[in-house]
Amino acid sequence: MSRDELPGWRSIAIGSVIPEPATARKYRTGDWRVFRPVIDLDKCIGCLLCWIYCPDASIQQSDRKVKVDYDYCKGCGICAEECPVKAIAMVEEA
Amino acid sequence: MEKMKVVGLSGDQIAAYAAKQCRVDVVSAYPITPQTIIVEEYSNYVANGEVDTEFICVESEHSAMSACIGASLTGARVFTATSSQGLALMHEMLYIASGLRCPIVMCVVNRALSAPINIHCDHSDMMGSRDCGWIQVFAENAQEVYDWVIQAFKIAEDREVLLPMAVNLDGFTISHALEDIRVLEDGAVDEFLPEREAVYRLDPDNPILVGPLVLPDYYFEFKVQQEEAMRKAAEKIGEVTREYYEYSSRKYAPIDPFNVEGANTALIAMGSTAGMLRTVARQLEREGKRVAVIKLWLYRPFPGDELIKLVEDMESLIVLDRTLSFGAPVGPLCSDVIAALYNAGRCDIRVANAVYGLGGRDLTPAEVEELSMKALKMAETKMVDKRMEFIGVRE
């Protein structure tokens, strides 16, 4: 999100208080990413090691198939490192 | 107004007495000369069952302020006190108290900083934490300590302010001297200062998060909120002091001026020194020499506009700083005065700085008379010989 779209000092809670739960969901930490993991599903064997290792719970899985939640993936590359069949490539963000 | 009770107490004792009347929920403090009597006296109140306050004993001032912050975040009314090295040790937590918008009231019994170690008064402790985001007032005597502590809670806890506030009193000169002090009845303080109503508070039934990591995308906004709160504080101080006058018949304001009408020069100072400046000014008045004395009660937010109104017809000012800002062009108070004049387009008013009283060094009436003569000469010649000088130092 660009800086100008964020709320200003008049409208945010004072003293950096976060007055409601689950607001981390609104904070798109995917913005921090320099390299994005791209999964080649043809190579993927569905072992789910990437799902286990992801420190940000950004690997989503259903039916032993995985995909990356780019809203929160910070691009740390642990998934690519751990993938036993090298199905995940780290591609520089445009 | 009801008949007022008079008590004979020291500045430290009256600070504790005022906090007691304010029905403080939590006190966490660590003793340090010359503040010790404040916490000692307050712990007596707790031991005697005179107050319903949680007194948290800690192993350092850093912990004292940490405990105060935690307590304040639960919505409690919190009081503490410290001096010198204690304030320096709190430094980190002072910013957290203001950043988390905890309206803690703290008496700072001003004392010189080490090294060399010294227990006597100067303002280097508070000036070292000048930019910590606390509202800061300086009292001249024990009566003012009492009155400012009570007013401080009302200013700090205002929902549009929510900033911590430091009530400064000069070490020994005020803290240990006995004075007769007019105090309000408990009921009057209750009426003037109702219970604190927190905007946000830690409550298991309504969870909130305080103290998150805030990165470049939001941090600046929170700092501007604090600056806005300072601006609000300046307004509220006006309202609160007017209301307090109804209860006490004692009128407070950001600035306490003396002899201003018709004067073409003034001495500007904070704290206990102001009384002696006025005594010398009265003496000079009898000799036909008029020198105004401008005492700042309020230091942060800096009352620049009020100051300009008082000095606009003057030719010269001498600002007394009881601290040394090593390597700076002038001391911190003088620097603020010059900035206020510059902002108002009044660079024509000549300003000199007198650094005095470090480590408890007495400022004598003869020295003040000499300063007054210098101020008058500056007004007449429209020249400043020496921008900054040290008063009463041996070469």
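**Exercise 1. Work out how much space lies in the second largest pocket of this predicted model, and what lines that pocket.**

Step 1: start with the volume. The second largest pocket holds about 600 Å³ of space.

Step 2: go to the middle. There are 29 lining residues, and B:Glu227, B:Met230, B:Arg300, B:Pro301 and B:Phe302 sit closest to the centre.

Step 3: see which elements contribute. In chain B, α4 (84-99), α8 (219-248), β12 (298-300), α10 (304-311) and α11 (332-343) each give two or more residues to this lining. The largest share, 7 residues, belongs to α8(B).

Step 4: sort by class. You get 15 nonpolar, 6 polar and 8 charged residues in the lining of the second largest pocket.

**Exercise 2. Describe how α10(B) and α11(B) pack.**

Step 1: pick the descriptors. A packed pair of helices is described by the angle between the two axes and the distance between them.

Step 2: read them off. For α10(B) and α11(B), the angle is about 75 degrees and the axes are 10 Å apart.

Step 3: name the arrangement. Angles of 65 to 115 degrees count as roughly perpendicular, so α10(B) is roughly perpendicular to α11(B).

Step 4: list who touches whom. From α10(B) come B:Gly304, B:Leu307, B:Ile308 and B:Val311, and from α11(B) come B:Val337, B:Ala340 and B:Leu341. That contact splits into 6 nonpolar residues, 1 polar and no charged.

**Exercise 3. Do likewise for α6(B) and α8(B), and add the handedness.**

Step 1: get the geometry. Helix α6 (residues 142-156) of chain B packs with α8(B) at about 130 degrees, with the axes 10 Å apart.

Step 2: classify. Roughly perpendicular stops at 115 degrees and roughly antiparallel needs over 145, so α6(B) and α8(B) are oblique to each other. Their crossing is right-handed.

Step 3: find the contact. On the α6(B) side are B:Tyr146, B:Asp147, B:Trp148, B:Ile150, B:Gln151, B:Lys154 and B:Ile155, facing B:Ile237, B:Val240, B:Thr241, B:Glu243 and B:Tyr244 of α8(B). By class, these come out as 7 nonpolar, 2 polar and 3 charged.

**Exercise 4. Analyse the crossing of α1(B) and α2(B).**

Step 1: take the axes. Those of helix α1 (residues 11-21) and helix α2 (residues 36-47) of chain B come within 7 Å and cross at roughly 40 degrees.

Step 2: classify. Roughly parallel requires an angle under 35 degrees, so α1(B) counts as oblique to α2(B). The handedness of this crossing is right-handed.

Step 3: look at the residues. Among those in the contact are B:Ala16 and B:Tyr17 of α1(B) and B:Ile38 and B:Tyr42 of α2(B). The class tally is 8 nonpolar, 2 polar and 3 charged.

**Exercise 5. Find the cis peptide bonds at B:Pro34 and B:Ala115, and place each of these residues.**

Step 1: take B:Pro34. The cis bond joins B:Thr33 to B:Pro34, with omega about 0 degrees. B:Pro34 lies in the loop between β2 (26-29) and α2 of chain B.

Step 2: take B:Ala115. Here B:Ser114 is the partner, and omega is about -10 degrees. B:Ala115 belongs to the loop between β5 (105-110) and α5 (124-128) of chain B.

**Exercise 6. Characterise the largest pocket.**

Step 1: volume again. The largest pocket holds about 1100 Å³.

Step 2: the lining. It has 34 residues, with A:Ile18, A:Thr23, A:Lys26, A:Tyr27 and B:Tyr218 nearest the centre. By class they are 22 nonpolar, 4 polar and 8 charged.

Notes
Residues are numbered from 1 along each chain as its sequence is written. Chains are lettered from A and ligands numbered from 1 in the order in which they are written. This is a predicted model: local features need pLDDT of at least 70, side-chain atom pairs count only at pLDDT 80 or more; totals for chains, interfaces and linings use all residues. Side-chain values use heavy atoms; hydrogens and water are left out. Axes are lines fitted to C-alpha atoms, for helices over the stretch in contact, and angles run from 0 to 180 degrees between N-to-C directions. Helices (H or I, at least four residues) and strands (E, at least two) are DSSP runs, numbered from the N terminus. A crossing is left-handed if the near helix is turned anticlockwise from the far one by less than a right angle, and right-handed if clockwise. Contact means heavy atoms within 4.5 Å. Ala, Val, Leu, Ile, Met, Phe, Trp, Tyr, Cys and Pro count as nonpolar, Asp, Glu, Lys and Arg as charged, and the others, Gly among them, as polar. On a 1 Å grid over the protein atoms alone, a cavity is a set of points where a 1.4 Å probe fits but cannot get out, and a pocket is an open set with protein on both sides within 12 Å along at least five of seven lines; lining residues have an atom within 4 Å of a point. Grid points are joined across faces, edges and corners, and a volume is the space filled by probe spheres set on the points.
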